[in-house]
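Subject: Handing over a structure

Dear colleague,

I am passing on to you a structure that you have not worked with before, and I have put the sequence and the coordinates together in one place. Please have the view open beside this message as you read.

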Amino acid sequence: MENKKADLHIHSYYSDSDLSIQEIFNQAKKKGIDALSITDHDTIQGIEEALSLSKIYDIEFIEGIELSAEYNNAEIHILGYFIDSTNKSLIEALDNVKDLRKERLIKMAEKINSLGGKVDIDELISRINEKIATRLHLALYMVEKGEVASIWEAFRKYLSFGRPAYIARIKFSVREAIALIKEAKGLAVLAHPHFLPSKEWIEKFSQWGLDGIEVRYPRYTPSIVEQFSQIAERLGLLKSGGSDSHGSYKEFTSIGEVWIPYTWVERLKNVKRDLLYKENI
């Protein structure tokens, strides 16, 4: 067990990556990953396929999600592990978010057109199909149609906060995101904590039921890992981490490039097991 590795932060083409579920397992197998979690943004569409491929590739799969939340006007991402993807409350909440995300993307496309762009909105939405709509889909469309030279340019000129086509999306509050994960019998873990304006927020989130934080993440130096490890230990939080792979869309990392020891997965599983035991006594 000591040599086993896990990557608990991976995205698929159901949200904002170009990797299929099978490609994720292929790459994980090549990198020697023994356990993984696909944590797509605000969707659980890939879980059923991943559960099936887990048996074929002999890689443990942990049902996961990454919820977009907000606190004090800052965007916060909360990872959910060991969730029950059949939970009615979770499914209903995600269906609502899916509709709102699509509406937001349409409005952003309309803004681009009002600025002289030529986005065929029907074509854009048909390409997204049943996937979760993200700004990346609009950026990719604009690159393909020659509206911009790169994804980076699309965000810099139009789609980032403060740019002319940007529209804020509806997000859960952090408290709501944690509660939704708990409702689905999962563990709530704070993603990439270095993005927080204040590390003191972690203690506030832990009071709302946060179970853990990522302490291993791309470009984290040993000192940053140690810093967040100490915070986790001080607050009694679990440790997690992973590559945050988005396929070729974010080239700074790939599956298995950042990993955690399987002993951390065991601790997560033990807490999950204890919670289920307490519910049933």
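What follows is a description of the sheet, then of the charged residues, and lastly of two pairs of residues that are far apart in sequence.

Please bear in mind throughout that this is a predicted model.

The sheet

An open sheet is formed by 6 strands, which follow one another in the order β6-β4-β5-β7-β8-β9, and the pairing within this sheet is mixed. Its edges are β6 (172-173) and β9 (238-241), each of which pairs on one side only.

If you begin with strand β4 (residues 64-71), you will find that this strand is mostly covered, since 7 of its 8 residues are buried. On one side, β4 pairs with strand β5 (residues 74-81) in the antiparallel sense over 8 bridges, and within that pairing Ser 68 has His 77 of β5 as its bridge partner. The two strands β4 and β5 form a hairpin that leaves 2 residues between them, and Asn 72, which sits in the turn, has a positive phi of about 50 degrees. β4 also runs parallel to β6, to which 2 bridges join it, and here the bridge partner of Glu 70 is Ser 173 in β6.

Further along the sheet, strand β8 (residues 212-216) pairs with β9 in the parallel sense over 4 bridges, and Gly 212 stands opposite Leu 238 of β9.

The charged residues

A search of the whole structure finds 11 salt bridges, and a few of them are described here. In one of these, Asp 42 is paired with Arg 101, with the closest N and O atoms 2.8 Å apart. This pair links distant parts of the chain, because Asp 42 belongs to the loop between β2 (35-38) and α2 (47-57) whereas Arg 101 belongs to helix α3, and the two are 59 residues apart. Both Asp 42 and Arg 101 are buried.

A second salt bridge is formed by Lys 145 and Glu 123, whose closest N and O atoms are 3.2 Å apart. Lys 145 lies in the loop between α5 (135-144) and α6 (151-159) while Glu 123 lies in helix α4 (residues 121-128), so this pair ties together parts that are 22 residues apart in sequence. Lys 145 counts as partly exposed at 37% relative accessibility, and Glu 123 is likewise partly exposed, with a relative accessible area of 24%. Both belong to a network of salt bridges that links Glu 123, Arg 127, Glu 144 and Lys 145.

Within helix α6, Glu 153 forms a salt bridge with Lys 157, the closest N and O atoms being 3.6 Å apart, and because these residues are 4 residues apart in the helix, about one helical turn separates them.

On the surface, a patch of negative charge gathers Glu 92, Asp 95, Asp 99 and Glu 103. Of these, Glu 92 has its place in helix α3 (residues 88-114) and is partly exposed, with a relative accessible area of 47%.

Two pairs of residues

Thr 263, in helix α10 (residues 262-280), has its C-alpha atom 9.2 Å from that of Asn 3, although 260 residues lie along the chain from one to the other. Ser 229, in helix α9 (residues 222-235), and Phe 25 are 204 residues apart along the chain, and their C-alpha atoms are separated by 28 Å.

With kind regards

Note on methods:
Residues are numbered from 1 along each chain as its sequence is written. This is a predicted model: local features need pLDDT of at least 70, side-chain atom pairs count only at pLDDT 80 or more; totals for chains, interfaces and linings use all residues. Side-chain values use heavy atoms; hydrogens and water are left out. Two strands pair if DSSP finds at least two bridges between them. Patches are made of residues with over 30% relative accessible area and no salt bridge: like charges are joined within 9 Å, nonpolar side chains (Val, Leu, Ile, Met, Phe, Trp, Tyr) within 5 Å. Accessible areas come from the Shrake-Rupley method with a 1.4 Å probe; for residues, only the protein chains shown count as cover. A salt bridge is a side-chain nitrogen of Lys or Arg within 4 Å of a carboxyl oxygen of Asp or Glu. Lys and Arg count as positive and Asp and Glu as negative; His and the chain ends are not counted. The place of a charge is taken as NZ of Lys, CZ of Arg, CG of Asp or CD of Glu. Buried means under 20% relative accessible area, exposed over 50%, partly exposed in between (1.4 Å probe, protein chains only).
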